[in-house]
Amino acid sequence: MAITAVRIDGRLLHGQVANMWTNVVGATRIMVIDDEVASSDVAKAGIKLAKPTGVNLSILSEQKAVNNINEGRYDSQKVFILVRHPRVLVNMIQKGVPITTVNVGNMSQTDETKAITNSINVVQADVDAFNELHKLGVSVTAQMVPSDPVLNFIDLLKKF
């Protein structure tokens, strides 16, 4: 399987990802990995509305995604993985999923978060997970849209 891109985006699949990122990364399948969304018919229906024409979509729990990837179910496809939180990716890598590069997009602001950029807000658990990704050898970048410059997210995180 070719994992063509991995993105952390609190909104998961939305217009920007569907219309810009999917084309730029050449994905034939978008894989939304989120336990909460995977267990909600309403949330899944909303995600399905954003799916671009001609691209397959999987909305899976973390464990189901790991199993499917490790079993080779998407070996002939170019998969674009979307998650909300970096911890999901740490868990997946620890279970054998080959992730080498992660793009951080939007992580929404809440009362508990601190801003890294205008569109990326984190809590300490996120910081810890990003640091783990870095220790695992994953390249972590920040880029909201494809036309933005690619920033080294770990450098941004050091300012946190």
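This report walks through a predicted model, from its sheet to its helices and a few chosen residues.

**The sheet**

Start with the open sheet. It has 7 strands, in the order S3-S2-S4-S1-S5-S8-S9, and the pairing is mixed. Strand S3 (56–60) and strand S9 (151–152) are the edge strands, since each pairs on one side only. Strands of a sheet pair through backbone hydrogen bonds, either parallel or antiparallel. Both senses appear here, as the table shows for three pairs of strands.

| Strands | Sense | Bridges | Residues that stand opposite |
|---|---|---|---|
| S2 and S3 | parallel | 5 bridges | Val-32 and Ile-59 |
| S5 and S8 | parallel | 4 bridges | Asn-103 and Thr-141 |
| S8 and S9 | antiparallel | 2 bridges | Thr-141 and Asn-152 |

Strand S8 covers residues 139–142. Strand S5 covers residues 101–104. Thr-141 of S8 appears twice in the table. It stands opposite Asn-103. It also stands opposite Asn-152 in S9.

Is the edge strand S3 enclosed or open? In S3, 4 of the 5 residues are buried, so the strand is largely enclosed by the rest of the structure.

**Helix H3 and Lys-44**

One element that lies across S3 is helix H3. H3 lies across strand S2 (29–33) and S3, and runs at about 155° to S3. The helix spans residues 41–49, and Lys-44 has its place there. Not counting residues up to four places away in sequence, Lys-44 touches Val-37, Ala-38 and Ile-59. Ile-59 is the residue of S3 that is the bridge partner of Val-32. Between the C-alpha atoms of Lys-44 and Ala-65 the separation is 15 Å. Along the chain, these two residues are 21 residues apart.

**Helix H4**

Ala-65 belongs to helix H4, which spans residues 62–70. The buried residues in H4 are Glu-62, Ala-65, Val-66, Asn-68 and Ile-69. Seen down the axis of H4, they fall within an arc of 170°, so they line one face of the helix. What covers them? The cover includes strands S2, S3 and S4 (78–83), together with helices H2 (35–38) and H5 (86–94). After H4 comes Gly-72, with a positive phi near 80°.

**Arg-7 in strand S1**

Now turn to strand S1 (residues 2–8), where Arg-7 is found. Is Arg-7 buried or exposed? With a relative accessibility of 1%, Arg-7 counts as buried. Its side chain makes a polar contact with the side chain of Asp-9, at 3.2 Å. Another polar contact, at 2.4 Å, joins the side chains of Arg-7 and Asn-103. Asn-103 is also the residue that stands opposite Thr-141 in S8.

Arg-7 has further contacts beyond its neighbours within four places in sequence. Among them are Gln-16, Val-17 and Trp-21. Phe-80, Ile-81, Leu-82 and Val-83 are also in contact with Arg-7. So are Gly-105, Asn-106, Gln-143 and Met-144.

**Thr-113 in a loop**

Thr-113 lies in the loop between S5 and strand S6 (114–115). Its relative accessible area is 17%, and the cut-off for buried is under 20%, so Thr-113 is buried. A polar atom of the Thr-113 side chain lies 2.9 Å from the backbone nitrogen of Thr-110. Which residues is Thr-113 in contact with, leaving aside its neighbours within four places in sequence? They are Ser-108, Asn-121, Val-122 and Val-123.

**The aromatic pair**

How many aromatic pairs does a search of the whole structure find? The search finds 1. The rings belong to Phe-130 and Phe-153, with centres 4.5 Å apart. Their planes stand at 55°, so the pair is tilted. Phe-130 lies in helix H6 (residues 124–135) and Phe-153 in helix H7 (residues 153–158), so the pair ties together parts that are 23 residues apart in sequence. Phe-130 is buried, at 0% relative accessibility. Phe-153 is buried too, with a relative accessibility of 0%.

Conventions. Residues are numbered from 1 along each chain as its sequence is written. This is a predicted model: local features need pLDDT of at least 70, side-chain atom pairs count only at pLDDT 80 or more; totals for chains, interfaces and linings use all residues. Side-chain values use heavy atoms; hydrogens and water are left out. Contact means heavy atoms within 4.5 Å. Two strands pair if DSSP finds at least two bridges between them. Axes are lines fitted to C-alpha atoms, for helices over the stretch in contact, and angles run from 0 to 180 degrees between N-to-C directions. Buried means under 20% relative accessible area, exposed over 50%, partly exposed in between (1.4 Å probe, protein chains only). The arc is that of the directions from the helix axis to the C-beta atoms. A polar contact is a pair of N or O atoms within 3.5 Å; within protein, one must be able to donate a hydrogen and the other to accept it, and residues adjacent in sequence count only if both atoms are side-chain atoms. Rings of Phe, Tyr and Trp (its six-membered ring) pair if their centres lie within 6.5 Å; planes under 30 degrees apart count as stacked, over 60 as edge-to-face and the rest as tilted.
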